[in-house]
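Here's an informal walk through one protein model, meant to be read with the structure open beside you. Take a look at the chain before reading on.

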Amino acid sequence: MEAHAVRLRGLRKSFGSTTAVAGVDLGIRDGEFFSLLGPSGSGKTTVLRLIAGFETPTEGGVELAGRDVTALAPFQRDVHTVFQDYALFPHMTVERNVAYALKVRSTPKAERRRRVSDALAQVGLDGFGARRPAELSGGQRQRVALARALVGRPRVLLLDEPLGALDLKLRERMQSELKALQREVGITFVLVTHDQDEALTMSDRIAVFHAGRIEQVGTPAEIYERPATSFVASFVGTSNLLDGESARRIVGAPGTYSVRPERIRVLKESASADGPGHTTVTGTVAEAVYLGDVSRFLVDLDGGGRLTVQRQNSDTSAEDVAACRGTRVRLAWHHRHTVRVPD
């Protein structure tokens, strides 16, 4: 039987007449980096707070390592939470911040000192113990919060938008470091994020939330390549959704279909697709945007509707892209990249 670090059974949470979590069943495996992904108000943060014990479910239960902890207080659960604002004590040194939970538990001083030193080394902050939070960069404060969480050796580490306060370049670097750290320590990480790239980059599996429910659970590749619902297709990355008349005209069958913009090639109108098995449509470039490493085209189709296309800028300049506006083109993609989205 598969071991689960976290299991949620029929979890519901209402605040007055508002239902924040509308019946969630979920198993998170031991040692997994798992992300709860969704827009604001989708229920993901409430689920994290229910796991941590900061909220009590209206219905259903929370299990940690097979033990029902639904009625237990946060300090009685073998979890630790890292918040977006890090919640560090500004008057304490880094060392005292990290040691705080151990001191509260009356951990012997020698062991406390050793575990704090190990935790700071794990997050790359050797020699920073005497500093205060105000003397650190945003990335360093985030690492102190992680060290403080790891020093208690929790079975599950809960991360509530922990990189949200960082600038883009630092956030991207910390994503790699956080995943590497999770592999090193081997404990279960549960991340809440609204950033699809962040979830796709770090996660072993992802649960996509919408309106208090889980729309799909799967690996990053499954979520991106085979979205289970129209919401997942449109929320995770960018997708062209074909339905109704456009589906019948382009795909040749009723239903809803997803085609990712990077799967579509932009050709001259007179060109033909390479070999059999391709879908082709013609249209006019309504907008062309140069984004540095890629360019994005909005193409109005002759038969009605619009497709978004993304192309790598391997040898393309901004002037080349701008010159595409108003030109006639043929779009082509292989049939295997037209993914049927379940109704």
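What follows starts with the whole chain, then moves to a sheet, a pair of helices and two single residues.

**The whole chain**

Keep in mind that this is a predicted model. The protein chain has 343 residues, and 48% of them are buried. Its secondary structure adds up to 10 helices and 18 strands. If you draw a box around the C-alpha atoms along the principal axes, you get roughly 80 × 45 × 40 Å. How far apart in sequence are the residues that touch? Taking contacts between residues at least 6 apart in sequence, 64% join residues at least 24 apart.

**The sheet at the start of the chain**

Let's begin with an open sheet of 4 strands, which run in the order 2-1-4-5 with antiparallel pairing. Strand 2 and strand 5 (67-68) are the edge strands, each pairing on one side only. As background, strands of a sheet pair through backbone hydrogen bonds, either parallel or antiparallel.

Strand 1 has strand 2 as one partner and strand 4 as another. Here are the two pairings side by side:

| Pair | Residues | Sense | Bridges |
|---|---|---|---|
| Strand 1 and strand 2 | 4-15 and 18-29 | antiparallel | 9 bridges |
| Strand 1 and strand 4 | 4-15 and 59-64 | antiparallel | 5 bridges |

Strand 1 and strand 2 form a hairpin, with 2 residues between them. In that turn, G16 has a positive phi of about 65°. If you want to check the register by eye, L11 of strand 1 stands opposite V24 in strand 2. Towards strand 4, R12 stands opposite E59, and R9 stands opposite G61.

Which strands does helix 1 lie across? Helix 1 (residues 44-52) lies across strand 1, strand 2 and strand 4, and runs at about 115° to strand 1.

**Helix 2 against helix 3**

Two packed helices are described by the angle between their axes and the distance between the axes. For helix 2 (residues 94-104) and helix 3 (residues 109-122), the axes come within 10 Å and cross at roughly 125°. With that angle, helix 2 counts as oblique to helix 3, and the crossing is right-handed.

Who's touching whom? From helix 2, the residues involved are V94, E95, V98, A99, L102 and K103, and they meet R112, R115, V116, A119 and L120 of helix 3. Sorted by type, the residues of this contact come to 7 nonpolar, no polar and 4 charged.

**R115 up close**

One of those contact residues deserves its own stop: R115, found in helix 3. Is R115 buried or exposed? R115 counts as buried because its relative accessibility is 11%, and the cut-off for buried is under 20%. Setting aside neighbours within four places in sequence, R115 is in contact with L102, T107, V151, G152 and R153. L102 also appears among the helix 2 residues that meet helix 3.

**V309, further along**

Now jump to strand 16 (residues 306-312), where you'll find V309. V309 has 0% relative accessibility, so V309 counts as buried too. What does V309 touch? Leaving out residues up to four places away in sequence, V309 touches P261, I264, V266, S295, R296, F297, V299 and L331. For a distance to try in your viewer, the C-alpha atoms of V309 and A288 are 9.5 Å apart, while the two residues are 21 residues apart along the chain.

Technical notes. Residues numbered from 1 in each chain as written. Predicted model: local features only at pLDDT ≥ 70, side-chain atom pairs only at ≥ 80, totals over all residues. Heavy atoms only, no water. Pairing = 2+ DSSP bridges. Contact = heavy atoms within 4.5 Å. Axes fitted to C-alpha atoms, helices over the stretch in contact; angles between N-to-C directions. Parallel < 35°, antiparallel > 145°, perpendicular 65-115°, else oblique. Left-handed = near helix turned anticlockwise from the far one by under 90°. Nonpolar A, V, L, I, M, F, W, Y, C, P; charged D, E, K, R; others polar. Buried < 20%, exposed > 50% of the residue type's maximum accessible area, 1.4 Å probe, protein only.
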